[in-house]
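I opened a new notebook page for this one. Here is what I looked up, in the order I went.

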Amino acid sequence: MQPYPDEQLMQLIQEKQSFALRILYDRYVRLVYSYAVKSGAGNDASFAQDIVQLVFTRIWTSNKGYDPAKGQFVNWLITVTRNITIDQLRKQRKQEVLVSFDYEIPETEHTALSGRDELQETVARRLLKQQIEAAYPHLSDNQVQLIRHFYWEGYTLSEIAARNGEPIGTVKSRLHQALKTLRKHLSPEGEG
């Protein structure tokens, strides 16, 4: 028999009794860590460690805690872990998309470029961004939103379909049409 049931530990945590958090941490750290690794972090130990830290920090700082009337503590803990893991994976994916959008020149090439070439590269990127934004009026609101979610925020097409309650085929078709329209309006000939 455990000296403190989970419900009592959560009540003590709400009262800011740090020993209760230590007991709860020791009891469930392996479960939270294991879930984080299995749910998308692969073998990235630092990602899983970050999830563990975020989960137990949220337990300590959150005003809303576990409600025994809504089910077992372990199920609630897994739900909290799952939500934090999804949030972190989305942030990570969004950062990867943003990083991959900005082309980085390798250091060996970078030193060979003059200040003039760097300025031209910066101006070219800004012009492309302006052209894309200028083409938005040729797209429907749904197409603009789809492009933002997919390319800039890092959502998958499946996530977007689920979020909008649409079949994935509809989302793919909308994306195809949006890209076709953008290509047409980004081409040097403009409308033609």
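Entry one. I began with tyrosine 66, which counts as buried because its relative accessibility is 12%, and the cut-off for buried is under 20%. I kept in mind that this is a predicted model.

Entry two. Where does tyrosine 66 lie? I found tyrosine 66 in the loop between α3 (45-61) and α4 (73-101).

Entry three. I then listed what tyrosine 66 touches, leaving aside neighbours within four places in sequence: Glu7, Met10, Gly71, Gln72, Phe73 and Trp76. Methionine 10 caught my eye, as tyrosine 66 and methionine 10 are 56 residues apart in sequence but 6.9 Å apart in space, C-alpha to C-alpha.

Entry four. I looked at polar atoms next. A polar side-chain atom of tyrosine 66 lies 2.4 Å from the backbone oxygen of glycine 71. The tyrosine 66 side chain also reaches the backbone nitrogen of phenylalanine 73, at 3.2 Å.

Entry five. I turned to the largest nonpolar core, which has 24 residues, and noted that Leu24, Val55, Phe56 and Ile59 have the most contacts inside it. Helices α1 (6-14), α2 (18-41), α3 and α4 each supply at least two residues of this core. Another core lies apart from it, with 14 residues, including Tyr136 and Leu182.

Entry six. I picked isoleucine 59 and, not counting residues up to four places away in sequence, saw that isoleucine 59 touches Met10, Ile13, Leu21, Leu24, Trp76 and Leu77.

Entry seven. I finished on the surface, where Leu119, Val123 and Leu127 make a nonpolar patch of about 280 Å². Valine 123 sits in helix α6 (residues 115-135), and counts as partly exposed because its relative accessibility is 40%.

Technical notes. Residues numbered from 1 in each chain as written. Predicted model: local features only at pLDDT ≥ 70, side-chain atom pairs only at ≥ 80, totals over all residues. Heavy atoms only, no water. Helix = DSSP H or I, 4+ residues; strand = E, 2+ residues; numbered from the N terminus. Buried < 20%, exposed > 50% of the residue type's maximum accessible area, 1.4 Å probe, protein only. Contact = heavy atoms within 4.5 Å. Polar contact = N/O pair within 3.5 Å; in protein donor to acceptor, adjacent residues only side chain to side chain. Patch = residues over 30% accessible without salt bridge, like charges linked within 9 Å, V, L, I, M, F, W, Y side chains within 5 Å. Areas by Shrake-Rupley, 256 points an atom, 1.4 Å probe, with all protein chains shown as cover. Salt bridge = Lys/Arg side-chain N within 4 Å of Asp/Glu carboxyl O. Core = buried A, V, L, I, M, F, W, Y, C linked by side-chain atoms within 4.5 Å.
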